[in-house]
Amino acid sequence: MSQGPRSGLAAVSSALLAMSRHLEVRDVLKTIVASARELLDAQYAALGVPDENGGFAQFVVDGVTDAQWKAIGPLPRQHGILAAMLREAKVERLADVRTDPRFEGWPSAHPDMSDFLGLPIRDGDEVIGALFLANKNCEKPEGGCGFTAEDEELLSILAQHAAIALTNARLYERSRELTIAEERSRLAHELHDAVSQKLFSLRLTAQAAAALVDRDPPRAKGELQQVAVLAAEAIDELRAAVVELRPAALDEDGLLATLRTQVQVLDRAHTARVTFAAAGFRALPAAQEEALLRVAQEALHNALRHSGAGHVDVTVNRRGGGAVLRVTDDGSGFDPHLTRRAGRHLGLVSMRDRASGVGGTLTVESAPGKGTTIEMEVPGG
């Protein structure tokens, strides 16, 4: 084994364990790349998952700063040495990748690379990705490559397990997609039945009110009041079903970006000032991030619709290995001790259920005229 800062069986075991801890494809890819770079003590590492259109569906790097990555530009196409690795499905170990005749099309902002080690990630006969490292941190032999045959063997072992981890993650995500699709279908049927019944009742009640308005105004007024009740119930049925659907943005962008976007939209849509800030946050298990988002949405809805707040502030901060969400408003507030009626009206019961369902806690601080603070803490995973 090559003698990097972490070498031998313990380092391989650590890398494999790290890969096995994740189920999301993006997390698995990041872990593979970081493990490979650390294991072989390279300056740069990357992993590309090809799409069906000559590009990469996903491309993850390690050792490149956010500023560098932004300057590099769009994801690479399958050309040059990358295309060769995917097409020929063989290991490439080069003393200087820049002198290889297949070296082409690298952006001007791309970091300078010399010695290179790359190999395909295979699932049976299918190439599902390409893993490559550059710039071994060691003394290079004259005209030779810093990466050795032992490095190549070590990376091959890692790639075999990476294929398993990536395939499992894909199966997990596919299973989750099917589950979400089934849940959406179920909710669509429930939504159709529930809201249709409410709208049918609303229509009949409105017709009755119209018939009574001339000959019996008091009864017509009562029917119109019932129309308002039925309309509110229909809205509640719709909202209850919609909030159960996991937003695609959470899967694609993560909790912070999703919350930030929603806060920006609410800030534009309401007269109240709505702000968002985050510090030290690290990605959490998907169920915890979804629960945090749902509680934030419910708390924001309460603050903007019911409290008369002029300012609503949302923060997400790291706490230990987990995170704490806080939604604070300067609105009318309420007495938290009157929990039965107020709690149900403001969704506090469902918020507490969401928090406890992911091992978290929910606290409420409020008083009449003093605003409200909803705080949810989750332990992480």
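This report walks through the sheet and two of the helices that lie against it, in a predicted model.

Start with the sheet. Five strands make it up, and it is open, with the order β2-β1-β5-β4-β3 and antiparallel pairing. At the edges sit β2 (56-62) and β3 (92-94), each with a partner on one side only. On average, neighbouring strands here are turned by 15 degrees against each other, direction ignored. As general background, strands of a sheet are held in register by pairing through backbone hydrogen bonds, either parallel or antiparallel.

Zoom in on β4 and β5: residues 116-123 pair with residues 126-136 in the antiparallel sense, over eight bridges. Within that pairing, G118 of β4 looks across at F132 in β5.

Now for the helices on the sheet:

| Helix | Residues | Strands involved | Angle |
|---|---|---|---|
| α2 | residues 25-40 | lies across β1, β2, β4 and β5 | about 40 degrees to β2 |
| α4 | residues 80-88 | touches β1, β2, β3, β4 and β5 | about 140 degrees with β5 |

Helix α4 deserves a closer look. How many of its nine residues are buried? Seven are, so α4 is largely enclosed by the rest of the structure. Buried here means under 20% relative accessible area. The residues in question are G80, I81, L82, A83, A84, M85 and L86. And what do these buried residues pack against? They pack against β1, β2, β3, β4 and β5. Right after α4 comes A89, which has a positive phi, near 50 degrees.

Key
Residues numbered from 1 in each chain as written. Predicted model: local features only at pLDDT ≥ 70, side-chain atom pairs only at ≥ 80, totals over all residues. Heavy atoms only, no water. Pairing = 2+ DSSP bridges. Helix = DSSP H or I, 4+ residues; strand = E, 2+ residues; numbered from the N terminus. Axes fitted to C-alpha atoms, helices over the stretch in contact; angles between N-to-C directions. Contact = heavy atoms within 4.5 Å. Buried < 20%, exposed > 50% of the residue type's maximum accessible area, 1.4 Å probe, protein only.
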